[in-house]
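Let's take a walk through this model together, going from one helix to the packing around it and then on to a single loop residue. Keep the viewer open as you read.

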Amino acid sequence: MSSADDQKRAAGEAAAALVENGMTVGLGTGSTSAWFVKALAARGLDIVGVPTSLATAELAQSLGIRLGELGQVKSIDLTVDGADEIGPALSLIKGGGAALLREKLVWEASRRCVVIADAEKRVASLGKFPLPIEVVAFGHETTALRICDALAECDLGIAPRLRLKDGAPVKTDGGNLIYDAACGRIEDPAQLADALKSVTGVVDHGLFLDLADMALVGTPDGVVTLEP
Ligand code: 5RP
């Protein structure tokens, strides 16, 4: 197994093997999650999927997976989702695909969460991947200044950048905006998570701490299982 895509596919297929008939399953967002959704659909199980984005809902529906909505399903047995970085104790950075809020809502409602990724996503400490921060659009420039203060409190003297695509701000499925903070190295992810959440206008951030129960990581030698 060599390319990152091969590794993502193998991780997605390994995760699909964890799903049992009758389960309600959180469906993550991104290219690795798409492999999972395809492998899950191929199993033909009687399950309900709870998508974390409109893109995943569309993919799952096109493959014949029955969908439920968070808030309508009784509980979620298992959520499988990708990550941008996997750090110590399965701390994660997510949100590269701008779906972090819906992802976190689904993760937090799940009994078990499994993160799937290629080997490049494993890091000794979080922060090389710019941390996505979702903010409400109203007054977002002012919120960005307050995010700078929160970052400075955590000894991160950096300014977050508004995420653009084709010159226009990227909008999340919920109509919010994303700022990316190139932290470099996050010494204390929990402190940073608290500081960011205390800023009015910040809806959420891409630090997923103490949420993943297991990681399935594709490597050149096969899929490796990690636990916190
Ligand atoms: C989307 C995410 C994705 O899971 C993350 O960006 C990983 O994406 P990919 O599987 O395409 O590498 O957090 O918001």
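Which residue follows helix 5, and is its phi positive or negative? That residue is Asp155, and its phi is positive, near 60°. Bear in mind as we go that this is a predicted model.

Now turn to helix 5 itself. With 14 residues at 1.5 Å a residue, the helix should span 20 Å, and this agrees with its end C-alpha atoms, which are 20 Å apart. His140, Thr143, Ala144, Ile147, Ala150 and Leu151 are its buried residues. Seen down the helix axis, they fall within an arc of 110°, so they line one face of the helix. On the other side, Glu141, Thr142, Leu145, Asp149 and Glu153 are exposed. The cover over the buried residues includes strand 8, strand 9, strand 12, helix 6 and strand 13.

Several of these elements meet again in the largest nonpolar core, which has 23 residues. Leu131, Ile133, Ile147, Leu192 and Leu207 touch the most other members, and strand 8, helix 5, strand 12 and helix 6 each supply at least two residues. Beyond its sequence neighbours, Leu192 touches residues including Leu131, Leu151, Cys154 and Leu207. A second, separate core holds 20 residues, among them Leu27, Leu40, Ala60 and Ile65.

Leu27 leads us to Thr52, in the loop between strand 2 and helix 3. Thr52 counts as buried because its relative accessibility is 0%. A polar atom of the Thr52 side chain lies 2.8 Å from the backbone oxygen of Leu27, and a polar contact of 2.7 Å joins the side chains of Thr52 and Thr29. Thr52 also touches Ala99, Arg102, Glu103 and Val106, among others.

Definitions and conventions. Residues are numbered from 1 along each chain as its sequence is written. This is a predicted model: local features need pLDDT of at least 70, side-chain atom pairs count only at pLDDT 80 or more; totals for chains, interfaces and linings use all residues. Side-chain values use heavy atoms; hydrogens and water are left out. A nonpolar core is a set of buried Ala, Val, Leu, Ile, Met, Phe, Trp, Tyr and Cys residues joined through side-chain atoms within 4.5 Å. Buried means under 20% relative accessible area, exposed over 50%, partly exposed in between (1.4 Å probe, protein chains only). Helices (H or I, at least four residues) and strands (E, at least two) are DSSP runs, numbered from the N terminus. Contact means heavy atoms within 4.5 Å. A polar contact is a pair of N or O atoms within 3.5 Å; within protein, one must be able to donate a hydrogen and the other to accept it, and residues adjacent in sequence count only if both atoms are side-chain atoms. The expected span of a helix is 1.5 Å times one less than its number of residues. The arc is that of the directions from the helix axis to the C-beta atoms. Lists of a residue's contacts leave out its neighbours within four places in sequence.
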